[in-house]
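Here are some notes for a colleague who is opening this structure for the first time. Please keep the sequence and the coordinates at hand while reading the numbered points.

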Amino acid sequence: MSRHSKVRIDRPVLLSGVLFGSGIAASMIDLFIFHLALQWHHFYDLSTTEAALTADGFFHAFGWFITIWGLFLLADLRRRTAVPWKRWSGAVITGVGFFQLLDGVVSHKVLGIHQIRYGVDLLLYDAVWIGSALALLLVGLLMLRRTRPRDAAV
Amino acid sequence: MDVGSAPHQMDQHDGGHGGVPAVAGMDWTVLDVVVVLLLGVGALGYALGLWAARGRSPWPLRRTLFWYAGIACAAAGLLGPVAQAAHTSFTAHMIGHLLLGMVAPLLMVLGAPITLTMRALPATVARRLSGFLRSTWIRVLTHPVVAATLNAGGLWLLYTTELFHLMHASAAVYALVHLHLFVAGYLFTASLIGLDPDPHRASMPVRSAVLILFIAAHSILAKWLYAHPPQGVEPADGRAGAQLMYYGGDAVDVTLIVLLFAGWHVATRPRTSRAPLVSPF
């Protein structure tokens, strides 16, 4: 692949990966693990303010939208060129970490939309949540750094 | 509408909607007959269209299947056990609304009825229809912003005002609410992912923004209903109905997002092996 096309496809690779990663963190990890499997989250804890409820609705809508957007961007990349899978995976992990961090800090702590679990001391849960999000974000960013296209100024 | 004095009362309500009059009487029978007739026109009209256009290029079987599945969903939402139970159970009401307002419109839009009509009609009449579809009225009604406002706005009115109560007391109000639900659902779906010709199709960013706003509004309303069920609805019933609205709405909304991007995917397919990347936005 020429140097030029490498640079040209790098942005959609990153965009697709980050969108998909943030999207699955928002729509799937939250729904399938915390709501349905562990049942730590409640559908609606009835203590939420209207502003937080509105924010939650938009989080929810964007979550599904960017998951599918990321996948269609990937499909578009695949039909045009060879996808650099390691770099894409790095972008996905970065996206998951970024969203979990955002969720852990903004929606749990700042807006108080909901908590991780109810009836327990939250400090440990918050520390594990935010710590693991930071770890994922770091791993993702490292992967992106190691897979940087040689000539691309990303 | 004096339903209380109807000669043959239906089974007494168990107080689920305390204060909601029993659903019986002429008005409701007339409504059922009108619904059967309308659905019959939809089913028969499509079959006639297929017959009239039989000499033309083959019509994809899936479109026919989608159309009749849509008619079946609308029928299930309006007639029979679900519709009957919807007068006393909020959960059943929500099943009916998902079927009539979201699933049936989606399936029927995928049946491409306007395209079929165009194929079936003689060229001169088809041209006139096409001119009508280009008119300002249709253009406004099929704009995603207008269609989404009609759709979500109707839901907010229904669940946050007295309308929900009025609807169960009057067959006429019930008919209007359900007609609006279906038509708004159809216009909304068609404006986003319609297969039928749309001379003024809104751009991908506009359709995306409208869909995100609609999903947000739908899920906010569902969670709000969880905490504030309509007057007379038992809390447990209200919560079950609200969760159904949330997750059922999600299933249809996710399908809409996929179809929106699938349309973009097809429209931007590369014509050459070295085609440039195109962003949907």
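A nonpolar core, in the sense used below, is a set of buried Ala, Val, Leu, Ile, Met, Phe, Trp, Tyr and Cys residues joined through C-beta atoms within 7 Å.

1. The model is predicted, and the predictor gives the complex an ipTM of 0.84 and a pTM of 0.87. For chain B the mean pLDDT is 88, with 89% of its residues at 70 or more. One stretch calls for care when reading: over residues 1–21 of chain B the pLDDT stays under 50, although the model has 38 contacts beyond four places in sequence for these residues.

2. Chain A has four helices and zero strands, so that its elements, from the N terminus on, read α-α-α-α. Of its 154 residues, 37% are buried. Among the contacts in chain A with a separation of 6 or more, 88% are between residues 24 or more positions apart.

3. Chain B is made up of 12 helices and zero strands, and along the sequence it follows the pattern α-α-α-α-α-α-α-α-α-α-α-α. Of the 281 residues in chain B, 37% count as buried. Residues 24 or more positions apart account for 73% of the contacts in chain B with a separation of 6 or more.

4. Which residues have the most contacts inside the largest nonpolar core? That core has 95 residues, and the residues in question are A:Phe65 and A:Trp69 from chain A together with B:Ala74, B:Val103, B:Ala104, B:Leu211 and B:Ile257 from chain B. Helix H4 of chain B, residues 90–110, gives the most to this core, with 15 residues. B:Ala74 can be followed further: leaving aside neighbours within four places in sequence, B:Ala74 is in contact with B:Leu39, B:Leu100, B:Ala104 and B:Phe182.

5. Where the two chains meet, 22 residues of chain A are in contact with 21 residues of chain B. On the side of chain A that touches chain B, helix H1 (3–37) and helix H2 (50–80) of chain A each supply at least two residues, and the largest share, 16 residues, comes from H2(A). By class, this side of chain A has 15 nonpolar, three polar and four charged residues.

6. Within chain B, helix H1 (residues 26–52) packs against helix H10 (residues 171–193) at an angle of about 30°, and their axes are 9 Å apart. Because angles under 35 degrees count as roughly parallel, H1(B) is described as roughly parallel to H10(B). The residues that make the contact are B:Asp27, B:Trp28 and B:Leu31 on H1(B), and B:Ala171, B:Tyr174 and B:Ala175 on H10(B). Sorted by class, the contact of H1(B) with H10(B) has five nonpolar, no polar and one charged residues.

7. Is B:Leu98 buried or exposed? B:Leu98 lies in helix H4 of chain B, and it is buried because 21 other C-beta atoms are within 10 Å, where 20 or more are needed for a residue to count as buried. Leaving aside neighbours within four places in sequence, B:Leu98 is in contact with B:Val103 and B:Gly248. From B:Leu98 to B:Ala120 the separation is 22 residues in sequence and 31 Å in space, C-alpha to C-alpha.

8. A backbone angle to check is the phi of B:Ala112, which is near 45°, a positive value in a residue other than glycine. Most residues other than glycine have a negative phi. B:Ala112 is placed in the loop between H4 and helix H5 (113–120) of chain B, and it is buried, with 22 other C-beta atoms within 10 Å.

9. The last point concerns A:Ile33, which has its place in helix H1 of chain A. A:Ile33 is exposed, since 12 other C-beta atoms are within 10 Å, and a residue with 12 or fewer counts as exposed. The C-alpha atoms of A:Ile33 and A:Arg80, which are 47 residues apart along the chain, are separated by 35 Å.

Terms used:
Residues numbered from 1 in each chain as written. Chains lettered and ligands numbered in written order. Predicted model: local features only at pLDDT ≥ 70, side-chain atom pairs only at ≥ 80, totals over all residues. Contact = placed C-beta atoms within 7 Å. Nonpolar A, V, L, I, M, F, W, Y, C, P; charged D, E, K, R; others polar. Axes fitted to C-alpha atoms, helices over the stretch in contact; angles between N-to-C directions. Parallel < 35°, antiparallel > 145°, perpendicular 65-115°, else oblique. pLDDT = per-residue confidence, 0-100.
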